[in-house]
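Here is a short briefing on one protein fold. Look over the sequence and the structure first, then read on.

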Amino acid sequence: MNLQLPLDAAPLFPDLPSRGGVYVWVTWAASYLAGDTSRDWSLWVRAHYQGWKSVDDAEGSQLALWHVDHTALLRQLVAAARARGERVWVESQNAFRLVVRPHVTLAGKPDLVTLAPDGTIMVTDAKSGQRKPAHILQVMLYQWALRRADHRFSDCQIGGRVVYADGDPPVVIQPSAINTAFERRVLECLEQLAVPVPPFRMPSRQECRFCPVSRKACPERVEWDVEEESGPPC
Ligand code: SF4
């Protein structure tokens with residue numbers, strides 16, 4: 001059964017500006033690949049529309065703290081790489097937009113890319129929070145995309161690293177992990193996020209609580225009720 005919408009179908013969300021194509025940030029693709037299916041709808045709407053974000057005052061201060069911790073860790077990594085005599089490219093210097101097929105773009109901004117004197121190229125992401133499988137997939141996506149999107153690294157072997165602020169050993173990803181099976185999964189993921197028909201929503205207080213999509217973009221959003229969560233008064 002073909003579920004494609006006719007091309008002249010009315011937009012699903014007339015109040016949200018359409019992207020006019022499909023635009024997927026690497027972090028969204030990593031979340032999709034990590035298999036958190038309850039987030040599929042949230043990722044789909046972000047890829048197709050702008051203006052989906054909910055405004056949360058508390059989130060602003062949390063984000064500022066995250067930036068402070070992340071920047072401190074990244075500065076340490078940059079200083080260590082320079083001390084080893086490596087060439088260093090940081091954040092915006094690494095930004096890419098890879099047109100995977102017409103109207104489908106994968107975008108990202110790796111924290112750090114280094115070139116060692118022996119020719120080893122490494123993409124590193126700094127994480128200040130808890131360890132998650134999606135972090136590893138994020139770096140694997142950078143490894144896959146950089147050699148296609150950035151002429152400096154065309155067809156180069158690129159290693160990967162996720163470094164955490166907890167001080168435990170980093171997760172290291174060999175270039176050989178970016179194989180044809182991984183590439184097939186990436187392309188499938190982008191195809192699934194690009195379909196014109198959104199996936200099913202699975203609203204729940206637990207999921208919606210951590211979902212950044214506003215009620216305007218997701219009318220089924222369940223708001224988190226702190227009083228209800230703490231139980232009835234005895
Ligand atoms: S708000 Fe809830 S139902 Fe809506 S996309 Fe996010 S997690 Fe899914």
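This is a predicted model. Helix 4 (residues 133-149) lies across strand 6 (121-127), strand 7 (158-164) and strand 8. Its direction is about 150 degrees to that of strand 7. The points below take the sheet, the helix pair, the core and helix 2 in turn.

**The sheet**
- Five strands make up an open sheet with mixed pairing. Their order is 2-5-6-7-8.
- Strand 2 (87-90) and strand 8 (171-173) are the edge strands. Each has a single partner strand, so one side of each lacks a neighbour in the sheet.
- From one strand to the next, the twist averages 20 degrees.
- Strand 2 runs antiparallel to strand 5 (residues 112-115), and four bridges join the two.
- Within this pair, Val88 stands opposite Thr114 of strand 5.
- As background, strands of a sheet pair through backbone hydrogen bonds, either parallel or antiparallel.

**Helix 4 against helix 5**
- Helix 4 packs on helix 5 (residues 180-194) at an angle of about 100 degrees. The two axes are 11 Å apart.
- Angles of 65 to 115 degrees count as roughly perpendicular. Helix 4 and helix 5 are therefore roughly perpendicular to each other.
- Helix 4 brings Met140, Leu141 and Trp144 to the contact. Helix 5 brings Phe182, Glu183 and Val186.
- By class, five residues of this contact are nonpolar and one is charged. There are no polar residues in it.

**The nonpolar core**
- The largest nonpolar core holds 46 residues. Val24, Ala29, Met140, Leu141 and Leu193 have the most contacts inside it.
- Helix 4 supplies the largest share of this core, with 10 residues.
- Met140 and Leu141 thus appear twice: they are among the core residues with the most contacts, and they also take part in the contact of helix 4 with helix 5.
- Which residues does Ala29 touch, leaving aside its neighbours within four places in sequence? Ala29 is in contact with Val24, Leu106, Leu141, Cys189 and Leu190.
- In soluble globular proteins, nonpolar side chains tend to be buried together.

**Helix 2**
- Is helix 2 (residues 40-48) mostly covered or mostly open? Helix 2 is mostly covered, with eight of its nine residues buried.
- The buried residues are Trp41, Ser42, Leu43, Trp44, Val45, Arg46, Ala47 and His48.
- Their cover includes strand 1 (22-25), helix 1 (26-33) and helix 5.

Key. Residues are numbered from 1 along each chain as its sequence is written. This is a predicted model: local features need pLDDT of at least 70, side-chain atom pairs count only at pLDDT 80 or more; totals for chains, interfaces and linings use all residues. Two strands pair if DSSP finds at least two bridges between them. Axes are lines fitted to C-alpha atoms, for helices over the stretch in contact, and angles run from 0 to 180 degrees between N-to-C directions. Two residues are in contact if their C-beta atoms, placed from the backbone, lie within 7 Å. A nonpolar core is a set of buried Ala, Val, Leu, Ile, Met, Phe, Trp, Tyr and Cys residues joined through C-beta atoms within 7 Å. A residue is buried if 20 or more other C-beta atoms lie within 10 Å of its own, exposed if 12 or fewer, and partly exposed in between; C-beta atoms are placed from the backbone. Angles under 35 degrees count as roughly parallel, over 145 as roughly antiparallel, 65 to 115 as roughly perpendicular and the rest as oblique. Ala, Val, Leu, Ile, Met, Phe, Trp, Tyr, Cys and Pro count as nonpolar, Asp, Glu, Lys and Arg as charged, and the others, Gly among them, as polar.
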